[in-house]
Amino acid sequence: MGADAKTAMKVDMTEAAARRIAKIVAGDPGKIALRISVEGGGCSGFSYKFDLVDGRNDDDVAIERDGATLLVDDLSLVYMGGSVVDFVDDLMGQSFQIKNPNAVAGCGCGTSFSI
């Protein structure tokens, strides 16, 4: 696999996302990470699902930063490769946002996209 292919299959998280994940996990005993997965459905064809989890699956890829762990399974990684997970706290509210270069369209809810 060339360098471009490896980069395309990678997911990063910002410092803000790492801080928020660490805070959420610390407040929920037994949980070790935030899992993001891609599922069929949503208003644009695919949607992101966020779950706090207490363990890793065999097909998980772990992204770690500043003591926080984000898990993405192999299948979801195909749709999320090259993405950056951020946490935004602004006048519209607080939310995890995924900047996904594979998405060609999204919707107003911010969790649904098409490829």
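**Salt bridges and polar contacts**

Eight salt bridges are found in the structure, which is a predicted model. A good place to start is the pair formed by Asp 86 and Lys 99, whose side chains meet in a salt bridge with an N to O distance of 3.3 Å. This pair ties together distant parts of the chain, since Asp 86 belongs to strand 6 and Lys 99 to strand 7, 13 residues apart. Asp 86 has a relative accessible area of 14% and is therefore buried, whereas Lys 99, at 47%, is partly exposed. Shared partners also bring Glu 39, Lys 49 and Asp 51 into one network of salt bridges.

Two further pairs can be described. In the salt bridge between Arg 56 and Glu 64, the closest N and O atoms are 2.8 Å apart; Arg 56 is partly exposed at 47% relative accessibility, and Glu 64 is exposed at 54%. For Arg 65 and Asp 66, the corresponding closest N and O atoms are 3.5 Å apart. Here Arg 65 is partly exposed, with a relative accessible area of 32%, while Asp 66 is exposed at 56%.

Polar contacts complete the picture. Asp 89, located in strand 6 (residues 84-90), counts as exposed because its relative accessibility is 55%, and its side chain joins that of Gln 94 in a polar contact of 3.2 Å. The C-alpha atom of Asp 89 is separated by 9.3 Å from that of Ala 16, a residue 73 positions away along the chain. Asn 100 sits in the loop between strand 7 (93-99) and strand 8 (105-106). With 11% relative accessibility, Asn 100 counts as buried, and its side chain reaches the backbone oxygen of Tyr 79 at 3.0 Å.

Key: Residues are numbered from 1 along each chain as its sequence is written. This is a predicted model: local features need pLDDT of at least 70, side-chain atom pairs count only at pLDDT 80 or more; totals for chains, interfaces and linings use all residues. Side-chain values use heavy atoms; hydrogens and water are left out. Helices (H or I, at least four residues) and strands (E, at least two) are DSSP runs, numbered from the N terminus. Buried means under 20% relative accessible area, exposed over 50%, partly exposed in between (1.4 Å probe, protein chains only). A polar contact is a pair of N or O atoms within 3.5 Å; within protein, one must be able to donate a hydrogen and the other to accept it, and residues adjacent in sequence count only if both atoms are side-chain atoms. A salt bridge is a side-chain nitrogen of Lys or Arg within 4 Å of a carboxyl oxygen of Asp or Glu.
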